[in-house]
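Please load the model in your viewer and keep the selection panel at hand. We will go from one stop to the next, and at each one I will suggest what to select.

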Amino acid sequence: MAVNRANEDYLLPCGRDVEQVWQRLDEIEAGRADAHELDCPYCRATRESLTVLRDLARELVAETEGPSLDLTGRIMAAVRAEVRRHDLLPLPTPEPGGVRVSARTVAAVLRFAADGVHGVRARHCRVSTTDTDDLAMTVEMSVAVSYRGFALHALDDVRARVAAAAEAQIGVRLKRLDLILDDLYDA
Amino acid sequence: MPLERTVAYAWLELVSSMTTPIEVDAGLPVGDVVVLDDATLVARAREGDVRAYEQLVRRYQGPMYRLAVRMLASVGDAEDVVQEVFLTAWRQLVRLHEDAAFVGWLYRTTTNRCLNVIRARKPRADVELDQHESSGSAGRPERAVETSAQLAALVSALDQLTGEQRACWLLREVHGRSYDEIADTIGTTSTAVRGRIARARAQLAEVMAPWR
């Protein structure tokens with residue numbers, strides 16, 4: 001590695017710089033020190049300091065200390081306070097007043113249905129009602145599939161499960177499902 | 001109304017025009033243990049899935065906190081930064097175009113928030129060092145004292161670096177981020193990042209000399 005301006009401040013009296021010593025640390029530990037490195041007291045002292053530093057850095061890497069236990073709760077409370085409730089879909093009801101469900105909630109139910117198929121994970125899911133029929137919905141869903149466990153019929157299973165969940169769990173007919181396979185995941 | 005639908009409604013977020021809306025987490029039933037990949041969680045969170053976002057928070061609050069606590073040497077400031085970072089992330093998810101880029105985005109935002117906190121601080125004398133015992137030496141009581149004294153020395157040596165040098169060294173040596181990513185975070189070139197890390201390493205090694 002070329003000596004750049006940053007390292008010139010850290011030249012050792014022997015002419016090598018700290019960064020050079022650092023770059024060679026593994027080589028020397030593997031027993032491939034050159035003649036200078038075997039004899040030079042400056043290089044040896046620097047090497048020893050760098051080794052202490054490297055070991056401490058490894059301790060920092062291994063640290064598991066986390067924030068106080070209620071931090072997740074505080075973050076999520078703030079997040080929930082900002083959740084916007086829009087895109088409401090009507091649900092069938094014989095009662096006056098009407099019942100509506102958020103598209104976000106319907107999407108969560110449909111994603112869960114799709115996740116039930118082995119090797120499939122639902123990602124994007126947009127739900128909307130059709131222009132002509134309030135009690136039928138169109139859904140656009142993207143899925144990622146496991147590249148080890150993927151089989152083409154899995155998408156047919158997704159289609160069947162999503163349609164079944166729409167009717168049985170939400171009570172709205174699935175008029176159209178646009179399914180997009182847009183990613184693979186490693187599992 | 002059919003019974004099965006009534007049951008399903010119980011865990012849906014219902015909004016009736018006759019009642020006050022109640023917030024219920026939409027998502028998977030309790031007991032789900034599938035560990036989902038980041039991209040899936042980000043895609044879901046972007047569309048308002050709070051439970052998916054909570055999994056991301058639980059997955060990454062630890063590393064972001066550890067970065068912030070070493071940057072700021074203060075537990076309270078570090079928690080404030082982490083909280084802000086995750087709230088900002090939630091608000092800006094729609095603008096994150098690549099789902100897999102989430103972690104890089106978190107590191108970038110956490111680093112920059114920490115640098116802002118440091119810039120806003122009064123001169124160094126006011127900064128209280130908040131040193132942590134190492135958890136890495138558990139079970140090695142003989143080394144425990146020395147190790148924590150070494151760590152204490154490292155922590156106070158870190159505090160002598162500039163904020164940007166400290167960020168570069170921590171991101172590279174402790175969090176394993178790439179030079180390009182760090183350069184992007186700090187707003188410089190990867191050559192400059194290498195230079196800063198080299199300088200930081202030399203300064204830190206000097207402080208470690210008594211322990212060799």
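Begin with the two domains of chain A in this predicted model: the centres of domain 1 and domain 2 of chain A, taken over C-alpha atoms, are separated by 59 Å. To colour them, select residues 8–62 of chain A for domain 1 and residues 86–185 of chain A for domain 2.

**Stop 1: the sheet in chain A**

Now select S3, S4 and S5 of chain A, and you will have an open sheet of 3 strands on screen, in the order S3-S4-S5 and with mixed pairing. Which strands are at the edges? They are S3 and S5 of chain A, each of which pairs on one side only. If you look along the sheet, the twist from one strand to the next averages 15°.

Take the antiparallel pair next. Show residues 120–129 of chain A, which are strand S3, together with residues 136–146 of chain A, which are strand S4; 8 bridges join the two in the antiparallel sense. A good place to zoom in is A:Cys125, which has A:Met141 of S4(A) opposite it.

Then hide S3(A) and bring in residues 173–185 of chain A, strand S5, which pairs with S4(A) in the parallel sense over 11 bridges. You can follow this pairing by clicking through some of the partners in S5(A). A:Glu140 has A:Asp178 as its bridge partner. A:Ala144 stands opposite A:Asp183, and A:Ser146 is partnered by A:Tyr185.

**Stop 2: the helices on the sheet**

Keep S4(A) and S5(A) visible and add residues 153–170 of chain A, helix H8. Together, S4(A), H8(A) and S5(A) form a β-α-β unit, and its hand is right-handed.

Now bring S3(A) back and add helix H7 of chain A, residues 103–115. This helix packs on the sheet, where it touches S3 and S4 of chain A, and its direction makes about 145° with that of S3(A). H8(A) packs on the sheet too, touching S3, S4 and S5 of chain A, with its direction at about 140° to that of S5(A).

**Stop 3: where the chains meet**

Show both chains and select the contact between them: 60 residues of chain B touch 61 residues of chain A. On the chain B side, the elements that give two or more residues include helix H1 (3–10), strand S1 (14–16), helix H3 (50–72) and helix H6 (141–160) of chain B. If you colour that side by residue class, you will find 29 nonpolar, 14 polar and 17 charged residues.

**Stop 4: inside chain B**

Hide chain A and colour chain B by domain, with residues 34–130 as domain 1 and residues 137–212 as domain 2. Between these domains of chain B, 12 residues of domain 1 are in contact with 15 residues of domain 2. On the domain 1 side, H3 and helix H5 (102–120) of chain B each give two or more residues. H5(B) gives the most, with 6 residues. By class, that domain 1 side has 8 nonpolar, 2 polar and 2 charged residues.

**Stop 5: a helix pair in chain B**

Finish with residues 179–186 of chain B, helix H8, and residues 190–208 of chain B, helix H9. Their axes lie 8 Å apart and the packing angle is about 95°. How do H8(B) and H9(B) run, roughly parallel or roughly perpendicular? Angles from 65 to 115 degrees count as roughly perpendicular, so H8(B) and H9(B) are roughly perpendicular to each other.

Show side chains for the contact itself: B:Tyr179, B:Asp180, B:Ile182, B:Ala183 and B:Ile186 in H8(B) meet B:Ser190, B:Ala192, B:Val193 and B:Arg194 in H9(B). By class, this contact has 6 nonpolar, 1 polar and 2 charged residues.

Notes. Residues are numbered from 1 along each chain as its sequence is written. Chains are lettered from A and ligands numbered from 1 in the order in which they are written. This is a predicted model: local features need pLDDT of at least 70, side-chain atom pairs count only at pLDDT 80 or more; totals for chains, interfaces and linings use all residues. Domain bounds come from an automatic or database domain assignment. Two strands pair if DSSP finds at least two bridges between them. Helices (H or I, at least four residues) and strands (E, at least two) are DSSP runs, numbered from the N terminus. A crossover is right-handed if, with the strands pointing away from the viewer, the path from the first strand over the helix to the second runs clockwise. Axes are lines fitted to C-alpha atoms, for helices over the stretch in contact, and angles run from 0 to 180 degrees between N-to-C directions. Angles under 35 degrees count as roughly parallel, over 145 as roughly antiparallel, 65 to 115 as roughly perpendicular and the rest as oblique. Two residues are in contact if their C-beta atoms, placed from the backbone, lie within 7 Å. Ala, Val, Leu, Ile, Met, Phe, Trp, Tyr, Cys and Pro count as nonpolar, Asp, Glu, Lys and Arg as charged, and the others, Gly among them, as polar.
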